4 protein chains.
Amino acid sequence: MSKLETVVNEIVAEMRDMPQRGEVASYIPELARVDPKAFGLVVIDAEGKVAAAGDADTPFSIQSISKVFTLTLALGKFGDRLWQRVGREPSGSRFNSIVQLEYEKGIPRNPFINAGAIAVTDAILGGHQPREALGEILRFMQYVAADDTIYIDDKVAASEQRTGFGNIALANYMKSFGVIEGPVDYTLGVYFHHCAIAMSCRQLAMAARYLAHFGNDPTTVLPVVTPERARRINALMLTCGHYDGSGEFAYRVGLPGKSGVGGGIMAIVPGKASIAVWSPGLDASGNSQLGQLALERLSKRMEWSIFGA
Amino acid sequence: MSKLETVVNEIVAEMRDMPQRGEVASYIPELARVDPKAFGLVVIDAEGKVAAAGDADTPFSIQSISKVFTLTLALGKFGDRLWQRVGREPSGSRFNSIVQLEYEKGIPRNPFINAGAIAVTDAILGGHQPREALGEILRFMQYVAADDTIYIDDKVAASEQRTGFGNIALANYMKSFGVIEGPVDYTLGVYFHHCAIAMSCRQLAMAARYLAHFGNDPTTVLPVVTPERARRINALMLTCGHYDGSGEFAYRVGLPGKSGVGGGIMAIVPGKASIAVWSPGLDASGNSQLGQLALERLSKRMEWSIFGA
Amino acid sequence: MSKLETVVNEIVAEMRDMPQRGEVASYIPELARVDPKAFGLVVIDAEGKVAAAGDADTPFSIQSISKVFTLTLALGKFGDRLWQRVGREPSGSRFNSIVQLEYEKGIPRNPFINAGAIAVTDAILGGHQPREALGEILRFMQYVAADDTIYIDDKVAASEQRTGFGNIALANYMKSFGVIEGPVDYTLGVYFHHCAIAMSCRQLAMAARYLAHFGNDPTTVLPVVTPERARRINALMLTCGHYDGSGEFAYRVGLPGKSGVGGGIMAIVPGKASIAVWSPGLDASGNSQLGQLALERLSKRMEWSIFGA
Amino acid sequence: MSKLETVVNEIVAEMRDMPQRGEVASYIPELARVDPKAFGLVVIDAEGKVAAAGDADTPFSIQSISKVFTLTLALGKFGDRLWQRVGREPSGSRFNSIVQLEYEKGIPRNPFINAGAIAVTDAILGGHQPREALGEILRFMQYVAADDTIYIDDKVAASEQRTGFGNIALANYMKSFGVIEGPVDYTLGVYFHHCAIAMSCRQLAMAARYLAHFGNDPTTVLPVVTPERARRINALMLTCGHYDGSGEFAYRVGLPGKSGVGGGIMAIVPGKASIAVWSPGLDASGNSQLGQLALERLSKRMEWSIFGA
């Protein structure tokens with residue numbers, strides 16, 4: 001058993017009986033049904049070897065993790081023009097804050113807070129039908145994960161569409177500044193559905209490979225983006241990937257990553273590994289409590305922090 | 001000539017005639033006198049070899065760069081208890097914003113915005129006399145830079161003490177919440193003076209070595225902090241080191257760094273190099289305009305981004 | 001000719017050729033078509049005598065002035081329980097600000113900013129159909145104005161429904177805090193339609209009589225509310241009736257009043273008179289520029305300020 | 001016994017045993033020593049007849065009530081030019097909020113929040129020595145109260161000077177925008193001292209006569225300001241006189257008034273009466289809890305609301 005496999009197994013064992021697991025997200029009713037004891041961890045190294053433990057193959061709602069993939073798609077379509085519609089600074093605010101939008105005329109701070117991801121979704125939508133845009137996003141994720149079985153959980157999407165008033169508010173508020181171009185309902189329809197994509201840790205760790213390796217190894221990694229773009233997306237994950245817990249994640253874990261309120265976190269070690277962890281309980285900032293702890297231990301034991309080992 | 005030396009020379013040559021150099025800080029009258037054409041760049045690699053070009057030996061006012069060293073000192077004294085007085089999240093606001101303090105009961109977001117650095121300075125001050133605390137800070141910087149000639153520019157300190165009303169406001173405001181413990185005048189006296197430390201790029205690049213190498217090479221790097229602490233300070237520099245331009249710096253440069261309104265930026269490449277650059281003109285966020293551009297080019301040409309090369 | 005008639009005629013003459021008339025509201029496309037030169041002024045004294053001049057009988061879109069009548073209706077239904085859903089303090093913000101809602105958990109500051117009026121509309125809606133609630137509001141206004149010809153301008157309502165993204169955002173945002181109980185579309189439908197009621201100055205001055213005289217004179221004033229409630233609504237108009245220009249209006253005019261972005265202002269002199277003025281051009285706070293000036297002159301010449309004459 | 005005397009006696013009797021008296025201000029140590037059971041009420045009618053009950057002659061710290069008199073003085077010196085340095089809108093914020101200052105470049109919202117009163121004090125100070133400015137303010141108050149025994153409680157002033165960090169922050173923050181012209185220490189010295197003026201309810205009710213009667217009765221009221229200026233100061237007291245409880249006070253009491261954290265409230269009935277009440281316990285907004293209740297009852301029983309009786 002490799003060191004990596006040993007460490008992954010250790011961590012999953014340590015997490016099994018942790019008493020403090022955080023709170024499962026309840027604002028989307030469908031998400032509240034998840035088993036709070038679920039835990040999965042998958043790491044794929046540069047050679048493509050997979051270390052997996054726990055609930056590594058159970059699909060869960062990736063939620064905000066989808067924002068990394070929609071950002072990648074939108075940068076592919078628009079390049080740097082995308083930054084006219086969304087900033088790239090940490091917001092210092094909660095994932096659903098609307099305050100900053102008022103002070104900055106409807107331009108969201110970054111593509112990883114809800115408002116920013118809605119603006120990015122609107123860019124992808126362009127003049128197309130929601131169905132087409134959504135198909136494009138799903139196919140892209142199947143492509144980067146090399147797995148055609150990835151699907152959208154329509155129940156979760158419908159649940160959020162019925163109850164996501166905060167996001168409806170954000171989208172309409174941006175529309176009032178002209179930052180959203182399409183019909184708000186279209187944009188939100190696509191947004192709620194791509195957040196409702198279900199993936200397992202194994203699929204997510206596969207999907208993150210282009211960010212960890214940016215096409216340098218054609219036998220295992222599909223060409224997706226230029227190295228420079230991958231670096232930049234990684235930088236955004238590091239500074240903005242965990243809402244108002246981004247500084248904390250950088251401080252404790254030291255890896256670019258993106259969390260979702262479904263309890264998943266996707267992270268990468270540049271040139272070395274892609275990682276997905278899943279534990280549904282969240283901390284006060286909306287990030288997986290045990291997911292962060294597991295990554296902190298993984299990063300430390302593998303000496304993977306990008307800030308020095 | 002090594003590749004590094006060639007790149008450093010190239011960049012300094014490229015910067016010489018850049019027409020858009022930003023605006024020299026004018027809110028501290030003494031700083032406004034600096035020559036806007038000055039430019040220096042020094043890089044020290046893991047073996048201790050120095051690549052220097054431009055005004056590499058001209059002392060300039062390090063201003064907020066001193067916050068990295070006071071944070072290091074305070075963490076040495078208080079360990080994680082320090083985080084009861086200051087947070088570690090990006091603020092999403094300007095360096096001198098007071099808004100966040102009101103909403104968060106006087107606890108500054110991070111140690112690199114002005115309010116946070118004042119709180120850290122107050123922690124260092126403890127019950128001591130300002131003179132003692134200041135001496136300790138100065139000696140620490142002389143130690144990490146291995147250079148006893150580093151000094152405090154009293155004119156700059158006096159200039160800021162006469163005109164630094166925004167900082168006086170921040171300190172008193174925190175005092176009203178009990179976050180500042182000592183007499184406000186003492187704390188500010190020490191703060192203004194350590195911001196007024198004058199260093200050259202060469203001295204600054206030397207002083208940053210403990211963050212780049214954390215004591216792994218005893219022949220060249222003095223033992224200062226544990227590797228873990230160095231990583232964490234680096235993480236804070238990455239997420240918070242450039243005020244509301246921190247995301248931009250991470251995106252473009254991809255290195256942990258800290259800027260000062262004197263036009264200096266100190267940065268590190270974990271395990272590889274420490275860097276100091278100086279160009280007095282600032283951008284709208286208060287960061288050296290050409291300093292950032294130079295680091296962007298250096299990071300790219302040397303393939304040093306921590307987000308993948 | 002009475003002194004009042006003389007003063008009213010004088011003022012209308014003075015306003016005719018004022019060069020600086022403000023900007024006609026353009027954010028609701030249908031409102032932008034109004035003639036910026038239109039001007040009307042009607043005052044009805046305690047005996048019911050009417051002094052009218054200018055475009056006194058041209059219907060215009062009352063917009064936010066309807067908020068006074070929906071507040072009256074809602075207080076009649078819920079009494080002081082209404083104040084659990086909306087505050088009664090000046091907001092210090094623009095009419096459409098969403099910032100305060102985030103800091104105060106979705107409870108709007110007062111019933112005269114947009115968010116507050118939407119919350120009041122939702123209370124009136126209760127479990128009813130929009131059509132019923134709207135019918136009740138319209139009949140109430142026809143009753144207090146003693147005029148069955150008052151109508152809803154469906155074009156204006158439709159125009160706002162298509163473009164009122166800021167208000168849709170406010171309603172959904174409050175819904176996300178549970179402050180809006182009904183379906184957001186229902187509440188907004190009723191809101192947009194009661195704002196689209198069209199009235200002339202004459203009708204509006206009639207409708208305001210219950211606030212000026214609170215049923216003390218049964219021959220001319222219909223019993224509507226208790227004297228205490230009338231006083232309280234008047235107090236709210238004084239402190240909150242002109243958005244972030246409320247202090248200015250109190251300072252210059254010294255009368256309780258409510259403005260709308262259609263350019264109308266309704267005001268009362270307790271025990272003495274009810275007033276309506278209309279001039280479509282708005283100042284930076286969204287209040288009729290000449291309407292305010294006319295009321296300032298009227299209040300001064302008639303010695304009507306409630307702050308001393 | 002007149003109706004007014006009867007009502008005043010009744011109210012004082014009712015207040016004597018009220019169990020919920022609010023909290024005595026503790027942030028100024030010297031104020032915390034006051035007897036929470038103290039209660040005084042004095043009303044002076046248009047003929048100069050005095051109705052007094054309770055602790056009518058005990059001096060207390062008038063604190064923010066002094067802001068009305070410094071505003072009067074400053075308007076006398078600068079006229080409408082004063083409004084370049086301070087606004088006249090309700091702030092929607094607490095008395096000591098600093099947030100609005102950042103968003104509005106150091107210009108305080110109105111002269112009755114702390115920041116605004118400090119800016120007004122700075123205007124009065126002009127280039128003079130603090131002692132002169134303070135003498136001028138004290139003499140003005142002795143003049144309007146027709147009582148030379150009014151004095152400054154130096155202990156209270158010293159207590160606030162030692163502990164008033166929030167106000168020191170506000171002043172320095174405005175200074176950083178150039179809104180404060182003199183040395184901050186001078187301005188704050190004068191400010192802390194005029195807030196520390198001690199007056200009894202009787203003296204305060206006398207001092208308020210110029211606002212209630214603006215010089216119309218030369219036998220009893222000293223000429224102080226023009227009727228128009230009195231009206232405008234009254235309007236400001238109505239909209240801004242009780243911090244973020246101003247709307248509530250207008251709604252419940254319906255009179256222009258100004259409160260202080262010493263527990264006093266000064267109020268006026270235009271053309272009819274001047275009033276002072278004192279009860280040290282404060283509500284959450286920093287206004288005298290029983291003082292407001294007493295005024296609500298007084299206004300109701302005497303039918304004095306300016307919003308209709």
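**Close-ups of where chain B meets chain D**

**View 1. Four residue pairs make polar contact between chain B and chain D, with both partners at pLDDT 80 or more.** This is a predicted model, so keep in mind that confidence cut-off for side-chain atom pairs. Hunting for salt bridges between chain B and chain D? The count is zero.

**View 2. Two helices of chain B, α3 (99-103) and α7 (165-176), each bring at least two residues to the side that touches chain D.** Which of them gives the largest share? That's α7(B), with eight residues. Sort the residues on this side of chain B by type and you get eight nonpolar, four polar and two charged.

**View 3. Putting chain B and chain D together buries about 1300 Å².** Carbon and sulfur atoms give 72% of that area. As for who takes part, 14 residues come from chain B and 14 residues from chain D.

**View 4. Turn chain B by 180°, with 0.0 Å of shift along the axis, and it lands on chain D with an RMSD of 0.0 Å.** The two copies are therefore related as by a two-fold rotation axis. Both copies use the same surface for the contact: 100% of the contact residues of chain B turn up again in chain D.

**View 5. Now zoom in on Ala169(B), the residue of chain B that comes closest to the rotation axis.** How far from the axis is its C-alpha? The distance is 1.9 Å.

Methods:
Residues numbered from 1 in each chain as written. Chains lettered and ligands numbered in written order. Predicted model: local features only at pLDDT ≥ 70, side-chain atom pairs only at ≥ 80, totals over all residues. Heavy atoms only, no water. Least-squares fit on C-alpha atoms with pLDDT ≥ 70 in both. Contact = heavy atoms within 4.5 Å. Buried area = accessible area lost by both parts, 1.4 Å probe. Salt bridge = Lys/Arg side-chain N within 4 Å of Asp/Glu carboxyl O. Polar contact = N/O pair within 3.5 Å; in protein donor to acceptor, adjacent residues only side chain to side chain. Helix = DSSP H or I, 4+ residues; strand = E, 2+ residues; numbered from the N terminus. Nonpolar A, V, L, I, M, F, W, Y, C, P; charged D, E, K, R; others polar.
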